[in-house]
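Colleague: I should like to understand how the descriptive terms for this structure are justified. May we go through them one by one?

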Amino acid sequence: MSIDGLDPVIHGPARLRIMVTLATLPEGDNLSFSRLQDLLSLTPGNLITHLRKLEDAGYVTAVKTGAGVTARTSVSLTRDGRAALARYTAVLRQLLDAAASPLPGSP
C-alpha cells in the first residue's frame with residue numbers, strides 16, 4: 001500500500017482499466033483475452049505484462065483452455081480483486097472529497 005492508501009498494483013492506468021472492465025462483469029464471469037485487449041486497445045504484450053502483475057497480486061485469474069490454434073485464455077476478477085478495487089475506490093473518493101473541501105480558515 002502506498003503512503004496515500006492507493007494500491008500501487010491497481011494504480012497504474014492500464015491495470016486500473018483492466019480491473020474496472022472486469023468488475024463490470026457479474027462475479028464468476030470472464031472475458032476472453034482478445035476481447036479484453038480489444039476493449040482496452042492494448043497490445044498483446046502490454047496486456048500480458050499487466051495481467052501477470054495483477055495475477056501475482058491475486059486480483060485476476062487467467063485460464064488457458066485448448067491448444068494451438070483453438071487455444072483461448074479467459075480472464076476474470078477474483079474476490080480479492082473485487083475487494084481490492086473497492087478499497088482503492090473508497091480511498092480515491094476520500095482523497096477527492098478532501099480535495100474538494102475548503103481548508104480550515106479559508107474564505
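Modeller: Certainly; please bear in mind that this is a predicted model. We may begin with Ala99, which is placed in helix α5.

Colleague: Why is Ala99 called exposed?

Modeller: The relative accessible area of Ala99 is 64%. The term exposed requires a value over 50%, so Ala99 is exposed. As to its position, Ala99 and Tyr59 are 40 residues apart in sequence, and their C-alpha atoms are 29 Å apart in space.

Colleague: Helix α5 also contains Leu96. How do you know whether Leu96 is buried or exposed?

Modeller: Leu96 has a relative accessible area of 53%. Because the limit for exposed is over 50%, Leu96 counts as exposed. Leu96 also belongs to a nonpolar surface patch of about 240 Å², made together with Leu92 and Leu95.

Colleague: How many salt bridges does the structure hold, and what makes the pair of Arg79 and Glu27 a salt bridge?

Modeller: The structure holds one salt bridge. The side chains of Arg79 and Glu27 meet with a distance of 2.6 Å from N to O. A salt bridge requires a side-chain nitrogen of Lys or Arg within 4 Å of a carboxyl oxygen of Asp or Glu, and therefore this pair qualifies. The two residues belong to distant parts of the chain, 52 residues apart: Arg79 is in helix α5, while Glu27 is in the loop between α2 and β1.

Colleague: Why do Arg79 and Glu27 receive their accessibility terms?

Modeller: Arg79 has 66% relative accessibility, and exposed means over 50%, so Arg79 is exposed. Glu27 has a relative accessible area of 48%. Partly exposed covers the values between under 20% and over 50%, so Glu27 is partly exposed.

Colleague: Let us turn to helix packing. Why is α2 called roughly perpendicular to α4?

Modeller: Helix α2 (residues 13–23) and helix α4 (residues 44–56) pack at an angle of about 75°, and their axes are 10 Å apart. Angles of 65 to 115 degrees count as roughly perpendicular, so α2 is roughly perpendicular to α4. On the α2 side, the contact is made by Ala14, Arg15, Ile18 and Met19; on the α4 side, by Leu47, His50, Leu51, Lys53 and Leu54.

Colleague: What makes α3 and α4 roughly perpendicular to each other?

Modeller: Their angle is about 105°, with the axes 10 Å apart. This value falls in the range of 65 to 115 degrees, and α3 and α4 are therefore roughly perpendicular. Here Phe33, Leu36 and Gln37 of α3 meet Pro44, Leu47, Ile48 and Leu51 of α4.

Colleague: Leu36 lies in helix α3. Why is Leu36 placed in its accessibility class?

Modeller: Leu36 has 0% relative accessibility. Buried means under 20%, so Leu36 is buried. Setting aside residues up to four places away in sequence, Leu36 touches Ile18, Thr21, Leu22, Leu31, Leu47, Leu51 and Val75. Leu36 and Val75 are 39 residues apart in sequence, with their C-alpha atoms 8.2 Å apart in space.

Colleague: What is notable about the phi angle of Ser41, and how do you know whether Ser41 is buried or exposed?

Modeller: Phi of Ser41 is near 55°, a positive value in a residue other than glycine. Ser41 is located in the loop between α3 and α4. Its relative accessibility is 66%; because exposed means over 50%, Ser41 is exposed.

Colleague: Why are Asn46 and Pro8 both called partly exposed?

Modeller: Asn46, in helix α4, has a relative accessible area of 31%. Pro8, in helix α1 (residues 8–11), has 44%. Buried is under 20% and exposed over 50%; each value lies in between, so Asn46 and Pro8 are partly exposed. The C-alpha atoms of Asn46 and Ala14 are 8.8 Å apart, although the residues are 32 apart in sequence. Pro8 and Tyr88 are 80 residues apart along the chain, and their C-alpha atoms are separated by 9.5 Å.

Key: Residues numbered from 1 in each chain as written. Predicted model: local features only at pLDDT ≥ 70, side-chain atom pairs only at ≥ 80, totals over all residues. Heavy atoms only, no water. Patch = residues over 30% accessible without salt bridge, like charges linked within 9 Å, V, L, I, M, F, W, Y side chains within 5 Å. Areas by Shrake-Rupley, 256 points an atom, 1.4 Å probe, with all protein chains shown as cover. Helix = DSSP H or I, 4+ residues; strand = E, 2+ residues; numbered from the N terminus. Buried < 20%, exposed > 50% of the residue type's maximum accessible area, 1.4 Å probe, protein only. Axes fitted to C-alpha atoms, helices over the stretch in contact; angles between N-to-C directions. Parallel < 35°, antiparallel > 145°, perpendicular 65-115°, else oblique. Contact = heavy atoms within 4.5 Å.
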